[in-house]
Amino acid sequence: MRLILIGPPGVGKGTVSALLQQRLGLITLSSGEIFRREIEAETDLGRLAQRYIQHGELVPNGVTIEMMAKRLRDPAVVRHGFVLDGFPRTVKQAEALDEILFNHGIDLDKAVSMEVPEDIVVARLSGRIGCTKCGAIYNSASHPPKREGICDVCNSPLFVRDDDKPETVRERIRSFWTNTAPVIEYYESTGSLMRVDASKDPESTYAAITAA
Ligand code: AMP
């Protein structure tokens, strides 16, 4: 299965893609997560990406497309199927992805638009905590870890993302409506779009995606 998850920040793309990875063996490629690892490793790409990420802006298309194209060249990704979380985020990126898949001789199965009212998104982002190692996601109010600051899955320390502060969140939501909403229309026009109600728990969203 080859899927794309599209939705505003905080909609639950990371949580649902983790379920798809654990249960169906799909390889998750999260552009945001890849950027965060590059920042941590202090690479040139990481330094460049950080300048945009810290303001809630998109990293330029050129470097983002090149980075994802490199990951999508891995034969394991083509063989096992994948779920793209956070890419494509612009129509330019969607067109580039079409070309990459065409060159591999593979098709996309579905572009899933995860849809929620904006107040739910904001509530989910305030209080979001992530694992530094395995990427598990918690929320201090609605889904706290069993031990404060420690991941239930792998015992690593948890962290609050820098770009989850309110002013950056507002910019990320604005960027979603300006840059990424047209990507939903793009996949609607190609007939690959599937809309799911992501306002309930991640299990319901997972069930809706796998049922389709
Ligand atoms: P995410 O973890 O998906 O919320 O991404 C965190 C940040 O990384 C975003 O706010 C952007 O600054 C950057 N980013 C992630 N994916 C992309 C992309 N496909 N295109 C441009 N910037 C991205």
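Select Ile4 in this predicted model and show what surrounds it. Setting aside neighbours within four places in sequence, Ile4 is in contact with Leu84, Phe87, Pro88, Leu97, Leu108, Lys110, Ala111, Val112 and Tyr187.

Next, widen the selection to the largest nonpolar core, which has 31 residues. Ile4 is among the members that touch the most others, together with Ile6, Leu72, Leu84, Leu97 and Tyr187. To see where this core comes from, colour strand S1 (2-6) and strand S3 (82-85), then helices H2 (31-40), H3 (44-53), H4 (61-72), H6 (91-104) and H8 (166-190); each of these elements supplies at least two of its residues. Apart from this core lies another, of 20 residues, including Leu20, Val112, Met114 and Tyr206. In soluble globular proteins, nonpolar side chains tend to be buried together.

Now go to the open sheet of 3 strands, ordered S6-S5-S7 and paired antiparallel. Strand S6 (137-139) and strand S7 (158-159) are at the edges; each has a single partner strand, so one side of each has no neighbour in the sheet. Select strand S5 (residues 128-131) with S6: the two run antiparallel and are joined by 3 bridges. Within this pair, Ile129 stands opposite Tyr138 in S6.

Last, pick Glu203, which is in helix H9 (residues 202-211). Is Glu203 buried, exposed or partly exposed? Its relative accessible area is 38%, so Glu203 counts as partly exposed. Beyond its neighbours within four places in sequence, Glu203 is in contact with Leu19 and Arg23. Draw a distance between the C-alpha atoms of Glu203 and Leu19: they are separated by 8.4 Å, while the two residues are 184 residues apart along the chain.

Definitions and conventions:
Residues numbered from 1 in each chain as written. Predicted model: local features only at pLDDT ≥ 70, side-chain atom pairs only at ≥ 80, totals over all residues. Heavy atoms only, no water. Core = buried A, V, L, I, M, F, W, Y, C linked by side-chain atoms within 4.5 Å. Buried < 20%, exposed > 50% of the residue type's maximum accessible area, 1.4 Å probe, protein only. Helix = DSSP H or I, 4+ residues; strand = E, 2+ residues; numbered from the N terminus. Contact = heavy atoms within 4.5 Å. Pairing = 2+ DSSP bridges.
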